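Biologist: Could you walk me through this one? I'd like to know where the labels come from.

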Amino acid sequence: MAGANGSGGGEGSFEVPKVEVRFTKLFIGGQFVDAVAGKTFETRDPRTGEVIANIAEGDKADVDLAVKAAREAFDNGPWPRMSGYERGRILHKFADLIEEHVEELAMLDTVDAGKLFAVGRAHDIPGAAHLLRYYAGAADKIHGETLKMAQRMHGYTLKEPVGVVGHIVPWNYPTTMFFFKVSPALAAGCAVVVKPAEQTPLSALFYAHLAKKAGLPDGVLNVVPGFGPTAGAAVAAHMDVDKLSFTGSTEVGRLVMKAAAESNLKPVSLELGGKSPFIVFDDADIDMAVNLANFAAYTNKGEICVAGTRIYVQEGIYDAFVKKAAEVARKSVVGDPFNPRVNQGPQVDKDQYEKVLKYIDIGKREGATLVTGGKACGDKGYYIEPTIFTDVKDDMAIAQDEIFGPVMALMKFKTVEEVIQKANNTRYGLAAGIVTKNIDIANTMSRSIRAGSIWINCYFAFDPDAPFGGYKMSGFGKDMGMDGLEKYLQTKTVVTPLYNTPWL
């Protein structure tokens with residue numbers, strides 16, 4: 001396995017581009033401004049641990065200004081008063097500008113989050129523009145319906161934008177999650193305040209710049225970098241925020257809900273943790289199943305809420321699967337995410353790096369067998385080898401807790417009934433993968449697993465039209481699809497009497 005930052009064999013030489021950080025201030029009311037308190041914080045490059053830039057640190061006072069700007073834009077500005085067609089045109093222009101800056105945006109997410117540059121350039125950034133266009137196209141298709149009243153009344157419903165929306169965005173997919181939240185809210189006619197993760201603020205500030213350039217009215221999109229207990233808490237508890245959308249850990253999700261309840265009872269949507277099962281049946285093509293499991297567990301260095309890290313393999317192919325999975329993991333190249341030959345970059349920061357290594361140690365102490373990986377690699381930065389445990393029991397921490405790192409737990413099963421019980425033996429319910437050629441098994445499993453997304457013979461099958469969200473402690477509310485638009489709309493019923501009507 002290659003070491004990090006070009007230090008190991010297998011990476012080869014490559015050119016690291018020079019990344020320019022253009023925007024480091026808060027974006028409030030259409031302007032880049034310093035924090036009220038004048039504070040800044042460091043954002044670091046996980047490839048090296050070195051400081052990339054100092055970012056204005058938003059606090060409660062800054063959130064108050066951002067919400068005030070959003071409120072003014074919503075209550076008195078043109079955005080919710082434009083036709084959906086006009087809003088859609090501006091959102092399409094926003095998408096055009098994203099596509100013009102794909103390279104620069106992908107570089108920002110690579111240096112800030114350790115994401116593979118090639119993947120960001122080919123998928124994350126173009127995918128954000130695609131999602132924005134999906135909702136731009138939906139902006140002029142928002143409508144209520146005429147009601148068939150049981151009395152002499154004419155009734156109809158209106159779909160109205162909910163108002164000022166607070167978005168608290170995680171660090172693992174800075175661009176993707178920004179647009180999961182912002183795209184439908186803007187299409188609905190809302191004004192938004194975004195609190196990006198303190199680990200990854202760079203691309204969010206660049207998107208604020210592009211939004212203004214696209215013609216988004218001042219105050220409609222505000223971006224306030226800062227820390228969760230200060231800026232995030234201020235958004236969650238703000239009395240003038242009408243709706244809150246949060247993606248992150250279940251623990252923080254509880255705090256967000258509590259703050260919303262104790263303030264103005266604002267509605268909340270939560271996309272929280274996951275510990276998704278990936279289930280392989282005896283009839284599966286074993287090479288395809290191993291490659292798909294590798295993809296499910298190690299994509300984005302395991303820093304993905306739907307990572308398929310609980311791997312259940314039917315006993316008939318279990319031994320062969322373990323052998324092949326270990327071979328694939330050992331071939332994975334860990335190193336600088338700008339290198340096109342690298343498969344896995346660094347964990348996002350030192351805290352996450354240490355958390356993953358701690359769980360690997362817990363797995364060994366709990367009695368699981370470490371088959372491959374399990375160690376840090378490279379002489380600097382936050383790199384960890386792809387790791388596989390076998391002899392894992394369902395009650396072990398590595399089978400129950402969301403590790404958010406490149407750690408796969410392999411388990412054996414005999415029957416469909418047994419694996420249904422095992423798959424559902426989790427407090428989470430975000431996603432599941434099923435690999436089988438038997439349509440009856442696929443149908444039974446997809447209806448039996450309590451999770452919001454079921455992927456059969458595929459994984460990470462996200463699409464703008466496919467709603468995404470969890471069951472159980474993975475949260476509630478959907479991103480993407482028309483479901484993702486609905487949560488930023490309120491339904492109003494309007495009724496008038498009918499006199500001398502020829503029909504009802």
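**Cores, a marked site and cysteines**

Modeller: Sure. In this predicted model, the largest nonpolar core has 97 residues, and I98 and F321 touch the most other members.

Biologist: Which residues does F321 touch, leaving out those up to four places away in sequence?

Modeller: F321 touches V280, I286, A289, V290, A293, I311, V313 and L410. Apart from the largest core lies another one, of 32 residues, with Y353, A368, A399 and A432 among them.

Biologist: Where does UniProt place the "active site" feature?

Modeller: At E271, according to the UniProt record, which is an unreviewed entry. E271 lies in strand β11, residues 268-271.

Biologist: Why is E271 called buried?

Modeller: Buried means under 20% relative accessible area. E271 comes in at 2%, so it counts as buried.

Biologist: And which residues is E271 in contact with, beyond its neighbours within four places in sequence?

Modeller: E271 is in contact with M177, F246, T247, G248, C305, L430, F468, S474 and D479.

Biologist: C305 is a cysteine, then. What makes C305 unable to count as part of a disulfide?

Modeller: A disulfide needs two cysteine sulfur atoms within 2.5 Å. The closest cysteine sulfur to that of C305 is in C458, 16 Å away, so that is too far for a bond. By this rule, the model has 0 disulfides.

Biologist: How do you know whether C305 is buried or exposed?

Modeller: Same cut-off, under 20% for buried. C305 has 12% relative accessibility, so C305 is buried. C190, with a relative accessible area of 0%, is therefore buried too.

Definitions and conventions: Residues numbered from 1 in each chain as written. Predicted model: local features only at pLDDT ≥ 70, side-chain atom pairs only at ≥ 80, totals over all residues. Heavy atoms only, no water. UniProt positions renumbered as here; feature names shortened; annotations may be inferred. Helix = DSSP H or I, 4+ residues; strand = E, 2+ residues; numbered from the N terminus. Buried < 20%, exposed > 50% of the residue type's maximum accessible area, 1.4 Å probe, protein only. Contact = heavy atoms within 4.5 Å. Core = buried A, V, L, I, M, F, W, Y, C linked by side-chain atoms within 4.5 Å.
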